[in-house]
Amino acid sequence: LLARQCESVLCFEPSNLTRVALLKTLEYNNCKNVEVRSECVAEETGEIDFYDTGSRASNANSIAPIGKRLTLKSVRIDDLNKDFDFIKIDIEGAELFALRGAKRTLKKVSHLTCEIHPNLLEKIGQSSKDIFDFLSQYNPKYFYDVSFLSLQLIKGHNPFSKENTTP
């Protein structure tokens with residue numbers, strides 16, 4: 001597990017079923033440096049509508065309306081007042097909201113992995129391009145893996161840029 005290579009890990013899992021599985025996985029792998037929190041990562045600290053599919057087979061719970069609506073606590077990354085070396089975002093369509101809540105943090109973070117869910121983004125009136133447009137203010141370089149719908153903010157290019165000359 002990557003967590004073993006880190007001094008500390010902070011993760012958020014608002015879905016009860018998935019959080020229980022995560023905690024058991026961490027226990028089985030003796031990962032004592034991981035703090036698991038139950039809030040949704042969002043643009044603002046407070047409360048947010050969260051939709052739970054109720055399925056044990058799917059962890060695609062989201063802020064996109066795809067299940068039973070719940071009101072959960074939310075947290076903005078910037079409100080944590082922490083420095084991060086690496087951020088991984090896989091939050092089923094809420095990526096842009098989380099990124100907007102991390103404006104100050106993103107100025108300092110050196111690596112970001114963001115799994116993008118175009119179909120869920122569409123349900124809330126957003127697109128993958130919106131994410132790339134937002135991140136452009138940080139002068140990032142990208143590696144974009146279409147097969148996994150994954151965006152890694154490391155070194156590369158913006159695939160939506162008109163100036164893009166690399167394949």
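**Reading a pocket, a strand and two loops**

Trainee: Which strands and helix each supply at least two residues of the lining of the largest pocket?

Mentor: Happy to help! Rolling a probe the size of a water molecule over the atoms shows where empty space is left. In this predicted model, strand E1 (9–12), helix H1 (16–28), strand E2 (34–37), strand E3 (40–41), strand E4 (46–52) and strand E6 each supply at least two lining residues. H1 gives the most, with six.

Trainee: How much space lies in that pocket, and which residues lie nearest its centre?

Mentor: The space is about 1800 Å³. Of the 49 lining residues, Val9, Leu10, Cys11, Phe12 and Lys88 lie nearest the centre. By class, the lining has 27 nonpolar, 10 polar and 12 charged residues.

Trainee: Lys88 is in E6, then. Which residues form the covered face of that strand?

Mentor: In E6 (residues 86–89), Ile87 and Ile89 make up the covered face, while Phe86 and Lys88 are on the uncovered one. E6 also pairs in the parallel sense with strand E7 (residues 111–115), over four bridges, and Lys88 stands opposite Thr113 in E7.

Trainee: How do I read phi in the loops?

Mentor: Start from the general pattern: most residues other than glycine have a negative phi. Asn30, in the loop between H1 and E2, has a positive phi of about 55° although it is not a glycine. Glu92, in the loop between E6 and helix H2 (95–100), has a positive phi near 50°.

Trainee: Are those two buried or exposed?

Mentor: One of each! Asn30 is exposed, with a relative accessible area of 52%, whereas Glu92 counts as buried at 10%, because buried means under 20%.

Definitions and conventions: Residues are numbered from 1 along each chain as its sequence is written. This is a predicted model: local features need pLDDT of at least 70, side-chain atom pairs count only at pLDDT 80 or more; totals for chains, interfaces and linings use all residues. Side-chain values use heavy atoms; hydrogens and water are left out. Buried means under 20% relative accessible area, exposed over 50%, partly exposed in between (1.4 Å probe, protein chains only). Two strands pair if DSSP finds at least two bridges between them. On a 1 Å grid over the protein atoms alone, a cavity is a set of points where a 1.4 Å probe fits but cannot get out, and a pocket is an open set with protein on both sides within 12 Å along at least five of seven lines; lining residues have an atom within 4 Å of a point. Grid points are joined across faces, edges and corners, and a volume is the space filled by probe spheres set on the points. Ala, Val, Leu, Ile, Met, Phe, Trp, Tyr, Cys and Pro count as nonpolar, Asp, Glu, Lys and Arg as charged, and the others, Gly among them, as polar.
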